[in-house]
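Trainee: I'd love to go through this model with you, one question at a time. Shall we start?

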Amino acid sequence: MQGFKYLTLITKREYSEQYLEFFRRLGIKGVLSTFCNGTATDLTLNHLGVEKTEKIMFETIVKEEQIGELVKGMMIEMNISAAGNGIAMFLPLDSVGGMSSLKYFAGDVEIEKKEESNKMESKSVLIITVVDKGNTDIVMDAARSAGAGGGTVIKAKGTGAELAKFFGVSISEEKEMIYIVASRENRDAIMRAVMEKAGRNTDAHGVIFTLPVDSVVGIKAFEEV
C-alpha cells in the first residue's frame, strides 16, 4: 500500500512520556504502546556494569511524507542514535481494512489514492488486529472461520483522545493486538470476517491491517520447499 509506512520504535521506558509528546507534536494520532525487555545476557550486563534495561515499544502507521521529519526529530531531539537509546524501523504496509482503520492511525485527513506498482507481492502476510481488551476470542473465531490458523496476542495501550472523537463512542485505552500469519490468498477473506465480527461498528471497536512477510519458518503450511 503506497503512501504509508508502519513504524515500530523500541526505546527505554524512561523515555515514554517524551516520545508520546514528540508524536503528539508531529501529529501522529493513534500510537500503540507495550512494555518489553532487552535481551542482553546477565554476563554481558555484569561485564559492562549496567542493569537490564526495561523497554517500551511504540507502533503506528505514518504517512511517507512524515518520515523525514520523524527521523530528524529522533536523531536530533530524542538522540536515538546514542548507544542504548533505541531503534526505529519503517516497514512497508500491505493493506488496511477500510478507511476507518487507516484514520485510526493517520487521523481524519484527506487521503490520496495512488496507483499501485506491479512489484512482486509476498506470498504471506502478517494480519494485525487491534481491539478493545477482552475481544481476542471474537477475532480468532472470525479469523479461523475464514481459514486462519493460530495467532499471538499482545497487550497494549492506545493513546490519543482523537480516537474516541473519530469513532463517536467511548473507546477503551486498554488494547489487545492479535498477530496472525496467513497466506496472501486468504488475506481478504480473513480481514472481511474479522471486520464483520470485530470491526469499528462492533463492541470490539477493531481496526485491522496487514504487513508483507518475505518468508516464514516454523509453520509448515507457509514454508517453501
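Trainee: Happy to have it in view! Is Thr136 buried or exposed?

Mentor: Keep in mind that this is a predicted model. Thr136 lies in helix α5. Buried means under 20% relative accessible area. Thr136 has a relative accessibility of 14%, so Thr136 counts as buried.

Trainee: Which residues is Thr136 in contact with, leaving aside its neighbours within four places in sequence?

Mentor: Contact here means heavy atoms within 4.5 Å. With those sequence neighbours set aside, the partners of Thr136 are Val153, Glu176 and Ile178.

Trainee: How far apart are the end C-alpha atoms of helix α7?

Mentor: Good one to reason through. Helix α7 runs over residues 184-198, which makes 15 residues. At 1.5 Å a residue, α7 should span 21 Å. The model agrees with that, as the end C-alpha atoms are apart by 21 Å.

Trainee: What covers the buried residues of α7?

Mentor: Let's name those residues before their cover. The buried residues of α7 are Arg184, Arg187, Ile190, Met191, Ala193, Val194 and Ala198. Their cover includes helix α5 and the strands β5, β6, β8 and β9.

Trainee: After α7 comes a loop to β9. What is the phi of His205 there?

Mentor: Most residues other than glycine have a negative phi. His205, in the loop between α7 and β9, is buried, with a relative accessible area of 12%. Its phi is positive, near 55 degrees.

Trainee: And is Asn79 buried, partly exposed or exposed?

Mentor: Asn79 sits in the loop between α3 and β4, and its phi is also positive, near 55 degrees. Its relative accessible area is 37%, so Asn79 is partly exposed.

Terms used. Residues numbered from 1 in each chain as written. Predicted model: local features only at pLDDT ≥ 70, side-chain atom pairs only at ≥ 80, totals over all residues. Heavy atoms only, no water. Helix = DSSP H or I, 4+ residues; strand = E, 2+ residues; numbered from the N terminus. Expected span 1.5 Å × (residues − 1). Buried < 20%, exposed > 50% of the residue type's maximum accessible area, 1.4 Å probe, protein only.
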